Amino acid sequence: MSSFGNLFRVHTYGESHCKSVGCIVDGVPPGLKLEEEDIQIQLSRRRPGQSDITTARSEFDTVHLQSGTEHGVTLGTPIGLIVHNKDQRPHDYAETDLYPRPSHADYTYLAKYGVKASSGGGRASARETIGRVAAGAIAEKYLREACGVEIVAFVGSVGKVALPYAEEEDEVLGKEYMDLVKTITREEVDKEITRCPHKATSAKMEEAIRAAKARNDSLGGTVTCVIRNCPLGLGEPTFDKLEAVLAHAMLSIPSTKGFEIGSGFRGTMFPGSQHNDPFVEGADGRLRTSTNWSGGIQGGITNGEDIYFRVGFKPPATISQEQETARYDGSAGVLAAKGRHDPCVVPRAVPIVETMAALVIMDQLLQQNARKAAAALLPPVTHLPPTMVFPGQRTVAAAKEGTIGEKVQDNKTGDE
């Protein structure tokens, strides 16, 4: 469907070449200072035509707030956002009357609905992501101001060109890579038009993208994202584990083909003795982990460490290179698609990944806060055994003495 989220809910609309695209955002807390400029930052990072390695379609993607705010403050009511399409060229797509484009959604949309948008990719177009990015920018602002959450994504690979951080044989992931995840900023990412924060690698990526563009071809790649300062306890057991919801969000982005979190598939190559994240006392007095191969999530619930994951994007399907394929009637033919398309989507996908991550964390935060607020209205529970609550100092001492079975919780929090 076209909606995402539960308490923080987004409904997007629009096709590639219609009059406008946008969204309705429901569940935004009242009292958040919000102007169009707060949303425009991420939309401008996403927009087409921002460099010579992206599509030539010229859109400024200027956002207009339609409802839900007054005097620069959110009202708690639905927020309407609209972006007008300016540079539509529906006549570029006449060939799709006869041909379903290879690896595109033309054929499957017709199979599902019996009708499709006459030009562009319709709802399968990356233009649809404008609504997601706009809504996610609102979520980001709230998370940053309320919880200090930071979300940064960057390009890790384009085609066969990848960040040069070697994977050490005796470590699950290399130190250089983990240091990058801990410290990378958006300012560093945006210094390069590829949004790869390693200058030499970025230059090679540019060269590869331009070469693909020159031969009317395309390239895929990967985007890595890190979420810092995420509150403890977000995520639901079983079907709505946080990594499952993140995967849902990321794989709903057009052109995505893969998702891995924390150590990912590489982690499967190591024994538990190397892969486990031991607990240590943090500087703030609460438990932290000495390593973070879990990617900040254990049992589907956040543990307070950085959440980091990687998303794989396929090469854009629409290319101008001649391809032997079949027409809708099954007869053989040759298609050289027209239109203006990215030779590689990953530089522009960075803000899409960031804002989809923000939508997930925002929705989960509201759910957890609702649960905690409801529990706080109940009278304290004081009869539980220590194994059911956070243990206080006396309980820990009793465990060391072997007398923990004689203790019970003294109050609701487990403090003694």
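Strand β2 (residues 9-13) pairs with strand β3 (residues 20-26) through five bridges, in the antiparallel sense. Within this pairing, Thr 12 has Cys 23 of β3 as its bridge partner. The model described here is predicted.

β2 and β3 belong to an open sheet of five strands. The strand order is β1-β2-β3-β7-β4, and the pairing is antiparallel. β1 (3-4) and β4 (63-65) stand at the edges of this sheet. Each has a single partner strand, so one side of each is left without a neighbour in the sheet. Thr 62 lies in the loop between α1 (36-46) and β4. Thr 62 counts as partly exposed, because its relative accessibility is 42%. Val 73 follows eleven residues away along the chain from Thr 62, and 20 Å separates the C-alpha atoms of the two residues.

A further open sheet has five strands in the order β9-β8-β10-β16-β11. Its pairing is antiparallel. The edges are taken by β9 and β11, each of which pairs on one side only.

Strand β8 (residues 150-158) is mostly covered. Eight of its nine residues are buried. On one pairing, β8 meets strand β9 (residues 161-162) over two bridges, in the antiparallel sense. Here Ser 157 of the hairpin faces Ala 162 in β9. Two residues lie between the strands of the β8 and β9 hairpin. In this hairpin, Gly 159 adopts a positive phi near 55 degrees. β8 also pairs with strand β10 (residues 221-228). These two strands run antiparallel and are joined by eight bridges. Ile 151 is set opposite Ile 227 in β10.

Ile 227 also links to the next strand in the order, since β16 supplies Ile 307 as its bridge partner. Seven bridges connect β10 and β16, again in the antiparallel sense. Gly 221 is another bridged residue, with Phe 313 of β16 as its partner. Strand β16 (residues 307-313) has six buried residues out of seven, so the rest of the structure largely encloses this strand. β16 also pairs with strand β11 (residues 256-261). Five bridges join β11 and β16, and the sense is antiparallel. Glu 260 stands opposite Arg 310 of β16.

Charged side chains were examined next. The structure holds 22 salt bridges. One of these joins Asp 106 and Arg 101, with an N to O distance of 2.8 Å. Both Asp 106 and Arg 101 are buried.

A salt bridge also links Arg 195 with Asp 190. The closest N and O atoms of Arg 195 and Asp 190 are 2.8 Å apart. The two residues fall into separate burial classes. Arg 195 is buried, because its relative accessible area is 7% and the cut-off for burial is under 20%. Asp 190 has a relative accessible area of 36% and is therefore partly exposed.

Glu 206 and Arg 210 form a further salt bridge, in which the closest N and O atoms lie 2.9 Å apart. Both residues are in helix α6 (residues 199-214). They are four residues apart, so about one helical turn separates Glu 206 from Arg 210. Glu 206 counts as buried, at 17% relative accessibility. Arg 210 counts as partly exposed, at 34% relative accessibility. Elsewhere, salt bridges that share partners join six residues into one network: Arg 45, Glu 140, Arg 186, Asp 190, Arg 195 and Glu 354. The Arg 195 and Asp 190 pair described above is thus placed among the members of this network.

Charge is also found on the surface. Glu 168, Glu 169, Asp 170, Glu 171 and Glu 176 form a negative surface patch. Of these residues, Glu 176 is found in helix α4 (residues 175-183).

In summary, the predicted model contains an open antiparallel sheet with the order β1-β2-β3-β7-β4. It also contains an open antiparallel sheet with the order β9-β8-β10-β16-β11. In the latter, β8 is mostly covered and β16 is largely enclosed by the rest of the structure. The edge strands β9 and β11 pair on one side only. The salt bridges number 22, and one network of them includes Arg 45 and Glu 354.

Key
Residues are numbered from 1 along each chain as its sequence is written. This is a predicted model: local features need pLDDT of at least 70, side-chain atom pairs count only at pLDDT 80 or more; totals for chains, interfaces and linings use all residues. Side-chain values use heavy atoms; hydrogens and water are left out. Patches are made of residues with over 30% relative accessible area and no salt bridge: like charges are joined within 9 Å, nonpolar side chains (Val, Leu, Ile, Met, Phe, Trp, Tyr) within 5 Å. Accessible areas come from the Shrake-Rupley method with a 1.4 Å probe; for residues, only the protein chains shown count as cover. A salt bridge is a side-chain nitrogen of Lys or Arg within 4 Å of a carboxyl oxygen of Asp or Glu. Lys and Arg count as positive and Asp and Glu as negative; His and the chain ends are not counted. The place of a charge is taken as NZ of Lys, CZ of Arg, CG of Asp or CD of Glu. Buried means under 20% relative accessible area, exposed over 50%, partly exposed in between (1.4 Å probe, protein chains only). Two strands pair if DSSP finds at least two bridges between them.
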